[in-house]
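This report looks at a nonpolar core, a strand pairing and one helical residue. Please keep the sequence and the structure in view while reading.

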Amino acid sequence: MTLWQGKSKRKITGGKRTYHRKKRKFEISRDYEFPVISDEKRKIVKSRGNNKKVRVAGAEKANISDEEGNVNRVEINNVVENPANPNYVQRNILTKGAVIETEEGKAKITSRPGQDGVINAVLIEE
């Protein structure tokens, strides 16, 4: 099922909106592809205006920065917490704001893996 990102047929008040045109192809979005902890996989997706996005389909490592600003590439063990959806923790889905467990400790993801193509994180003090 595709997702349509156009206006609703109903107004905020609940009344029916008179729609002036049909649905357009550029209003259709892609299906969700969740970045998970697995082998390194990246997808290049065409976007509007002949631009490209790099999506993370699978990742084993993340770039983690500490308080001093040192950045290390560390292996991800599992997802501990995800405020976007509690079900994502069981499925090991990586999103922005997810707390991951690594060799250096717990870290919070600050990048958007589905948009940036990179997983950046900041260490959390325990």
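Which residue in β5 does R42 stand opposite? The residue opposite R42 is V56. The model is a predicted one, in which local features need pLDDT of at least 70 and side-chain atom pairs count only at pLDDT 80 or more, while totals for chains, interfaces and linings use all residues. Residues are numbered from 1 along each chain as its sequence is written, and side-chain values use heavy atoms, with hydrogens and water left out.

Strands and helices are DSSP runs numbered from the N terminus (strands E, at least two residues; helices H or I, at least four). Strand β4 (residues 41-47) runs antiparallel to β5 and is joined to it by 7 bridges, where pairing requires that DSSP finds at least two bridges. Their hairpin has 3 residues between the strands, and G49 takes a positive phi near 85 degrees there.

The largest nonpolar core (buried Ala, Val, Leu, Ile, Met, Phe, Trp, Tyr and Cys residues joined through side-chain atoms within 4.5 Å; buried means under 20% relative accessible area, exposed over 50%, partly exposed in between, with a 1.4 Å probe and protein chains only) has 15 residues, of which I64, L94, I100 and I119 touch the most other members. The strands listed here each supply at least two residues of this core, and β7 gives the most, with 3 residues.

| Strand | Residues |
|---|---|
| β5 | 51-59 |
| β6 | 61-65 |
| β7 | 71-81 |
| β9 | 106-109 |
| β10 | 120-123 |

D116, in helix α2 (residues 113-116), is partly exposed, with a relative accessible area of 44%. Leaving aside neighbours within four places in sequence, D116 is in contact (heavy atoms within 4.5 Å) with V54 and S111.
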